[in-house]
Amino acid sequence: ACLGGPVGSGDPGGKRLHALENDPIIKAPLPPGYTIVSRQTVPAKWNSNGWPLGSDGWSGINVSEVFRTSDPATTVVAVFTRRASASGWVADPQGTKPDSEWEWAKELAGAGAHVGLTPSGDDEYLLALSVPPNGPSD
């Protein structure tokens, strides 16, 4: 990690954030009967924690969406497994926990990106995409 102010840019030109926002797994319209509850976009951000010494660094970059559907979990997982495969994502067995979380990974904008699908409440699911920032991270 670094001391002082930001080192470089966590995402020069917003390239990685743009790639996440436009990835087909989240950009494509949801199937009929699926409703977006919320969507959040988090760009790279410099964090000056100061303690422990040298803990400054970049955080971010992620795009997430909470959606609601009455479809059973097996159908939701099948929809996003097909969508992931069609847009180049590969199942990540280390991050997948059967019946509670499904993860995929791929190279995106020059970095290892991840997408996760998790139930987040009654008939709601969280689809979260992330990619590490450029430069030192916290």
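## A walk through the predicted model

Let's start at a loop: at 44% relative accessibility, Asp 123 counts as partly exposed, because the partly exposed class lies between the buried limit of under 20% and the exposed limit of over 50%. You will find Asp 123 in the loop between β7 and β8. Its backbone is worth a look too, since phi of Asp 123 is near 60 degrees, a positive value in a residue other than glycine. Keep in mind as you read that this is a predicted model.

Now step back and take in the whole chain. The protein holds three helices and eight strands, and along the sequence they come in the pattern α-α-β-β-β-β-α-β-β-β-β. Of its 138 residues, 39% count as buried. Among the contacts with a separation of 6 or more, 63% are made by residues 24 or more positions apart. The surface that the protein exposes comes to about 7,300 Å², with carbon and sulfur atoms supplying 56% of it.

A good place to go next is strand β4, which spans residues 62–68. This strand is mostly covered, with five of its seven residues buried. Which strands does β4 pair with? Strand β1 (residues 35–42) runs antiparallel to β4, and seven bridges join the two. Strand β8 (residues 124–130) also pairs with β4 in the antiparallel sense, again over seven bridges. To find your way in the structure, look for Val 42, whose bridge partner in β4 is Asn 62, and then for Ser 64, whose bridge partner in β8 is Ala 128. As a general guide when you look at strands, side chains in a regular strand alternate between the two faces of the sheet.

Just ahead of β4 there is a backbone feature to notice. A cis peptide bond joins Gly 60 and Ile 61, with omega at about -5 degrees. Ile 61 sits in the loop between β3 (57–59) and β4.

Further along the chain comes helix α3, residues 73–86. Its 14 residues, at 1.5 Å a residue, should span 20 Å, and the end C-alpha atoms are indeed 20 Å apart, so the two values agree. Which residues of α3 are buried? They are Val 76, Val 77, Val 79, Phe 80, Arg 83 and Ala 84. These residues cover an arc of only 160 degrees around the axis, which puts them on the same side of α3. The spacing fits a general rule: an α-helix has 3.6 residues a turn, so residues three or four places apart point the same way. Turn to the other side of α3 and you meet Thr 74, Arg 82, Ser 85 and Ala 86, which are exposed. What covers the buried residues of α3? The cover includes α2 (24–27), β4, β6, β7 (111–121) and β8. Just after the helix, Gly 88 takes a positive phi of about 90 degrees.

Aromatic rings tie several of these pieces together, and the structure holds four aromatic pairs. In one of them, the rings of Tyr 34 and Phe 67 have centres 5.7 Å apart and planes at 25 degrees, so this pair is stacked. The pair links distant parts of the chain, with Tyr 34 in the loop between α2 and β1 and Phe 67 in strand β4, 33 residues apart. Tyr 34 and Phe 67 are both buried. Phe 67 also pairs with Phe 80: their ring centres are 5.3 Å apart and their planes lie at 25 degrees, so this pair is stacked as well. Here the link runs from strand β4 to helix α3, across 13 residues, and both Phe 67 and Phe 80 are buried. Together with Tyr 125, the residues Tyr 34, Phe 67 and Phe 80 form one aromatic cluster.

To finish, visit strand β6 (residues 102–108), where Glu 103 lies. Is Glu 103 buried or exposed? Its relative accessibility is 17%, so Glu 103 counts as buried. Leaving aside neighbours within four places in sequence, Glu 103 is in contact with Val 90, Ala 91, Asp 92, Gly 95, Thr 96, Val 115 and Gly 116. In the loop between β6 and β7 you reach Ala 109, which has a positive phi of about 55 degrees although it is not a glycine. With a relative accessible area of 22%, Ala 109 is partly exposed.

How values were computed: Residues numbered from 1 in each chain as written. Predicted model: local features only at pLDDT ≥ 70, side-chain atom pairs only at ≥ 80, totals over all residues. Heavy atoms only, no water. Helix = DSSP H or I, 4+ residues; strand = E, 2+ residues; numbered from the N terminus. Buried < 20%, exposed > 50% of the residue type's maximum accessible area, 1.4 Å probe, protein only. Contact = heavy atoms within 4.5 Å. Pairing = 2+ DSSP bridges. Expected span 1.5 Å × (residues − 1). Arc of directions from axis to C-beta. Phe/Tyr/Trp six-rings, centres within 6.5 Å; stacked < 30°, edge-to-face > 60°. Areas by Shrake-Rupley, 256 points an atom, 1.4 Å probe, with all protein chains shown as cover.
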